[in-house]
Amino acid sequence: MTATAESPAADAVATMRVEIQILRMNPEGTHEREPGEEYWESFVVEALPTDRVLDALHKIKWDQDGSLAFRRSCAHGVCGSDAMRINARNRLACKTLLKDLNPARPIKIEPIKGLPVEKDLIVDMEPFFASYREIMPFLMTTGNAPERERLQSPEERHRFDDTTKCIMCAACTTSCPVFWTDGQYFGPQAIVGAHRFIFDSRDEGQWDRLEILNDKAGVWKCRTAFNCTEACPRGIEVTKAISEVKRALTTGEI
Ligand code: SF4
Ligand code: FES
């Protein structure tokens, strides 16, 4: 139906009041809080059902409390900056619609778990990136560079296609109970990053990476909880990738 002068709101989608509860922490403290104290703060925003959690966070930051801290950049599921724990599940705020969260109830937002919180929803990503660097995420070859591109068949490319989709959001690693408690485990993302090169027919560093992942901080820590696969906003079969790395270590075949 088209809106008319008599019924101007006929096509309008009604906004709704949504309560957003955010786990906050200010390392410097506030006039009411000790430095580093965690506390829940509730905000109410007027939003459309099709608004995303990121839109709601922007409304809070821009209209209600400019001190609220969270990361975001692309706002379209590409940069991986805004992984957070939304209603107890890791998701990207920019890819999560309010209507998919039962907005009649308060929506609870926390920082991702297992990494030190710097402020509100911002965590220190350095331990996560350090694990990624450990597995040497770059093409390793010996000898001279070829005069043309390194050729690869479609079948060979398909072998590691899934793990090329990673955007380094850390949703997988910070959903892993072993990562939360172990303190040493590289975590699922580092294994996904290694998988992308281990099964690349052009790479010659497979066994170096497999040796790293055979270590006590490596793949054998995985307890196949599948949290990582459920958390991945790119739909990567993370647990399957980890299983393929385990199989390569067990059989000696890539
Ligand atoms: S594997 Fe998925 S969840 Fe893990 S960092 Fe990459 S994109 Fe994020
Ligand atoms: S802001 Fe870039 S992935 Fe969400």
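Leaving aside its neighbours within four places in sequence, which residues is Gly 114 in contact with? The legends below take up this question and others in a predicted model.

**Figure 1. The whole chain, with its helices, strands and overall extent.**
In this predicted model, the secondary structure of the chain comes to 8 helices and 7 strands, and the C-alpha atoms fill a box of roughly 70 × 55 × 35 Å when the box is taken along the principal axes. The chain has 254 residues, and buried residues make up 44% of them. Among the contacts with a separation of 6 or more, 63% are accounted for by residues that stand 24 or more positions apart. The chain exposes about 13,500 Å², and carbon and sulfur atoms supply 49% of that area. As for charge, there are 33 positive and 39 negative side chains, with the centres of the two sets lying 3 Å apart.

**Figure 2. Gly 114 in the loop between strand 5 and strand 6.**
The opening question is answered here: apart from neighbours within four places in sequence, Gly 114 is in contact with Phe 179 and Trp 180. Gly 114 counts as partly exposed because its relative accessibility is 44%, a value that falls between the 20% limit for buried residues and the 50% limit for exposed ones. Along the chain, Gly 114 and Pro 177 are 63 residues apart, while their C-alpha atoms are separated by 8.8 Å.

**Figure 3. Lys 113 and its contacts.**
Lys 113 lies in the loop between strand 5 (107-110) and strand 6 (117-119). With neighbours within four places in sequence left aside, Lys 113 is in contact with Arg 85, Thr 174, Phe 179 and Trp 180; Phe 179 and Trp 180 are also contacts of Gly 114. Is Lys 113 buried or partly exposed? Its relative accessible area is 32%, and Lys 113 is therefore partly exposed. Lys 113 and Ala 170 are 57 residues apart along the chain, and their C-alpha atoms are separated by 9.9 Å.

**Figure 4. The residues around ligand 1.**
There are 13 residues around ligand 1, and those that come nearest are Cys 166, Cys 169, Cys 172, Gln 189 and Cys 232. Sorted by class, the shell around ligand 1 has 11 nonpolar, 1 polar and 1 charged residues.

**Figure 5. Ala 75 and His 76 in the loop between helix 1 and strand 3.**
The loop that holds His 76 runs between helix 1 (53-64) and strand 3 (83-86), and Ala 75 has its place in the loop between helix 1 and strand 3 as well. Ala 75 counts as buried because its relative accessibility is 17%, whereas His 76, at 62% relative accessibility, counts as exposed. The phi of Ala 75 is near 65°, a positive value in a residue other than glycine. Most residues other than glycine have a negative phi. If residues up to four places away in sequence are not counted, His 76 touches Arg 52 and Cys 94. Measured out from C-alpha to C-alpha, His 76 and Lys 216 are 37 Å apart in space, and they are 140 residues apart in sequence.

**Figure 6. Asn 87 in the loop between strand 3 and strand 4.**
What is the sign of phi in Asn 87? The phi of Asn 87 is near 50°, a positive value in a residue other than glycine. Asn 87 has its place in the loop between strand 3 and strand 4 (89-92), and its relative accessibility of 29% is why Asn 87 counts as partly exposed.

**Figure 7. Arg 234 between two helices in the sequence.**
The loop in which Arg 234 has its place runs between helix 7 (227-231) and helix 8 (238-251). Arg 234 counts as partly exposed because its relative accessibility is 36%. With its neighbours within four places in sequence left aside, Arg 234 is in contact with Gly 77, Lys 165 and Ile 167. Arg 234 and Arg 247 are 13 residues apart along the chain, and their C-alpha atoms are separated by 24 Å.

Terms used:
Residues are numbered from 1 along each chain as its sequence is written. Chains are lettered from A and ligands numbered from 1 in the order in which they are written. This is a predicted model: local features need pLDDT of at least 70, side-chain atom pairs count only at pLDDT 80 or more; totals for chains, interfaces and linings use all residues. Side-chain values use heavy atoms; hydrogens and water are left out. Helices (H or I, at least four residues) and strands (E, at least two) are DSSP runs, numbered from the N terminus. Buried means under 20% relative accessible area, exposed over 50%, partly exposed in between (1.4 Å probe, protein chains only). Contact means heavy atoms within 4.5 Å. Accessible areas come from the Shrake-Rupley method with a 1.4 Å probe; for residues, only the protein chains shown count as cover. Lys and Arg count as positive and Asp and Glu as negative; His and the chain ends are not counted. The place of a charge is taken as NZ of Lys, CZ of Arg, CG of Asp or CD of Glu. A residue is near a molecule or strand if one of its heavy atoms lies within 4 Å of it. Ala, Val, Leu, Ile, Met, Phe, Trp, Tyr, Cys and Pro count as nonpolar, Asp, Glu, Lys and Arg as charged, and the others, Gly among them, as polar.
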